[in-house]
Amino acid sequence: MIDSKQASDALAEIDDTVRRVRQSLIYQVSSLAMLMWGLLAFAGNIAGWLWPRYGLYFWIGLYAVSIVGFVLIGNYHRSRSRIRVFDGRYLLTFLLMVAFGIFCCYFGQFTPRQQTAFWPIYIMLFYMMAGVWFGRAFLVIGATIVALTLIGYYFIPGISLLLWMAAVNGGGLTLGGLWMRRT
């Protein structure tokens, strides 16, 4: 028979194992989403640099592609683990985030340069909030991309900022996704 201290220790160990498994699952799915968005952000910034007049259209297309990508990631993960990771709530959350960002840009009358910095900073806010709840990796990735975005905004002149953002946002999310796969 075990005493109350041993039972308490065993329950604490079980709780710790459940927490680590949950975090591992979250990191596994999130890393796929980050890899996808890293490639999309890289492509969007490079396309905007090559054809600045069509930048808005590229980003609208990339957001649509990302929705399809999230559905595919969710279906892939569900087929492997039988756990649904994306549903209508995630789509609604995504759409609300985009709508609020557009609202801010429209009423704030942001210049294209300001929007180039605003969107990654705004999205990384959600990554950092996820870091508070689900693991420090989100916090580190978000804070790093925000800091590098601000450095580029203040020190990289003109349209070259888009190349910087391709490396910082696209590369940062890609590296973050690879890092989370190993964690």
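Here are a few questions and answers about this predicted model.

Residues are numbered from 1 along each chain as its sequence is written. Local features need pLDDT of at least 70 and side-chain atom pairs count at pLDDT 80 or more, while totals for chains, interfaces and linings use all residues, and side-chain values use heavy atoms, with hydrogens and water left out.

User: Where is the kink in H6 centred?
Analyst: Happy to help! Helix H6 (a DSSP run of H or I, at least four residues, numbered from the N terminus) covers residues 160–182. Its span is 32 Å from first C-alpha to last, close to the expected 33 Å (1.5 Å times one less than its number of residues). The bend (the angle between axes fitted to the seven residues ending at a residue and the seven starting there) is about 25°, and the kink is centred on Gly171.

User: Is Gln109 buried or exposed?
Analyst: Gln109 lies in the loop between helix H3 (88–108) and helix H4 (112–134). Its phi is near 50°, a positive value in a residue other than glycine. Most residues other than glycine have a negative phi. Buried means under 20% relative accessible area, exposed over 50% and partly exposed in between (1.4 Å probe, protein chains only); because Gln109 has 68% relative accessibility, it counts as exposed.

User: Which helix gives the most to the nonpolar patch?
Analyst: Good one to look up in the structure. The patch has an area of about 940 Å², and among its residues are Trp49, Tyr57 and Leu163 (nonpolar side chains, Val, Leu, Ile, Met, Phe, Trp or Tyr, joined within 5 Å, from residues with over 30% relative accessible area and no salt bridge, that is, no side-chain nitrogen of Lys or Arg within 4 Å of a carboxyl oxygen of Asp or Glu). Helix H1 (4–50) and helix H2 (55–81) each supply at least two residues. The one giving the most, with 3 residues, is H2.

Key: Patches are made of residues with over 30% relative accessible area and no salt bridge: like charges are joined within 9 Å, nonpolar side chains (Val, Leu, Ile, Met, Phe, Trp, Tyr) within 5 Å. Accessible areas come from the Shrake-Rupley method with a 1.4 Å probe; for residues, only the protein chains shown count as cover.
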